[in-house]
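Student: I would like to go through the labels on this model. Can we test each one against its definition?

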Amino acid sequence: NANRVESDSDGGGAGLNLSNLRTSRISNNIVTGWKTWGILLKGGLNGDPSSSYNDIVNNTVYMSAISDAIAFELTGTGRNNSVFNNIFITQATAAFTVSTSALWGMISDHNILSSDDNQFVVDHDAGSPLSLSTWQSDYGQDGDSATIYISSLGNLLFSLNDGDLRARPGSIAIDTGTETKAPSKDYLDRFRPNGGTVDIGAYEYYAPSLPFSDTFNRSDNTDLGEEWVEQFNNIAIGGSKLVKVTTGMSSVATVAGLTASNVTLTADVDISGGGTASRTASLVARYTGPDDTNMYMGMIASNCGSPQLRIYRHIGSSLEVLKTVSIAQTTGTLQFEVVGNELNLYLDGVLKASVHDTEITGPGLVGVRLRDATIENFTATAAAVSKPGADLLPFSDDFDRSDNLHLGSPWAEEYGGF
């Protein structure tokens, strides 16, 4: 249980080759890249009894593009085997094959299978591939299972090419399994279920929640990982930072499934590089999309080589600057606070820009937007709706603080400047 078995070989064999197995549970395994089988459960060797009374549950098998690979096969004369909550992906003839003699007492359901044609074969040597609907009607199996086309696998799992086989937000694997026979923890030793019911596959889906942080301290990759969704264009990880993929293109990424109305976002940003090229790094709040639209942005930007801080409102095709402040630096810790109708932008802990706006009320996703810049050490925390003195009477302010172009919280400059 809870193994990861990988192969990039062109040789035969199986990731998990199990013979004469009885009263066992095969669960939480991740099997990828094998040429012939992902999981092979067989029996009857050397006169021994076949594999019987086993539970094959919550496994993820991905056989990539190898032409004759079978994700799961049950063969021999075994009885009373259960096959629940598995993801069986192959681009071969069938994802799931079973010998006629092994059908006795077998129960299979709540699985996700993938191929561009048919998914099941009964009697591998002589049987013809069956569709899910035929398998259901002729054999009474997998009534609550589903299939997905190869071309749509990106909607199911995160990054097949990079081996990240966790469910994406909105995946059909989330909350569609059965608790029958399911292990109490997943491949990462996290409790299941996390939500309405258990998920299908080796991973249980855990949506990020506040507080959230990501240092990006991992190998360079064009995929940001399971906790991020690239909403517009592409962002990569390079040198433990978020970096551009294409020069001159703005890109947006949000934390997967993490929505909030009132939030404080921080990140270390760098728009240096010289010249007059436009470089921007932004913190994004109340994002509803799609693409590069419908959000608030707290931004540090180069303007013909002169750095500025800006607060933007982007609704549909309308991108409006709500506040602009010139600054002297191109690096630092950017902080964007969105609370109620108040938008505050800080640099290195100092409030630099503040504005009230009522157009985007939230909730929405949080994330980042960048163009030819870098971002690292991202955090998101819940922000208090009320601030001392902001909406309570009596209120007073003696303004006994350093000279500043900004009045500070809880003040908002509604018109002109103070």
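Tutor: Short questions and answers on local features follow. This is a predicted model, where local features need pLDDT of at least 70, side-chain atom pairs count only at pLDDT 80 or more, and totals for chains, interfaces and linings use all residues. Residues are numbered from 1 along each chain as its sequence is written, and side-chain values use heavy atoms, without hydrogens and water.

Student: Why is Phe395 called partly exposed?

Tutor: Buried means under 20% relative accessible area, exposed over 50%, and partly exposed in between (1.4 Å probe, protein chains only). Phe395 has 35% relative accessibility, so Phe395 counts as partly exposed. Phe395 sits in the segment after strand 33 (374–382).

Student: Which residues form a nonpolar patch with Phe395?

Tutor: Leu393, Phe399 and Trp411 join Phe395 in the patch, with about 450 Å² of accessible area together.

Student: Why is Asp175 called partly exposed?

Tutor: The relative accessible area of Asp175 is 34%, so Asp175 is partly exposed. Its phi is near 60 degrees, a positive value in a residue other than glycine.

Student: What makes strand 21 and strand 22 a pair?

Tutor: Two strands pair if DSSP finds at least two bridges between them. Four bridges join strand 21 to strand 22 (residues 241–244), and the two run antiparallel. Gly238 stands opposite Lys241.

Student: Which residues lie in the turn of that hairpin, and what is the phi of Gly239?

Tutor: Two residues lie between the strands, and Gly239 takes a positive phi near 60 degrees. Ser240 is in the loop too, with a positive phi of about 65 degrees although not a glycine.

Methods: Patch = residues over 30% accessible without salt bridge, like charges linked within 9 Å, V, L, I, M, F, W, Y side chains within 5 Å. Areas by Shrake-Rupley, 256 points an atom, 1.4 Å probe, with all protein chains shown as cover. Salt bridge = Lys/Arg side-chain N within 4 Å of Asp/Glu carboxyl O.
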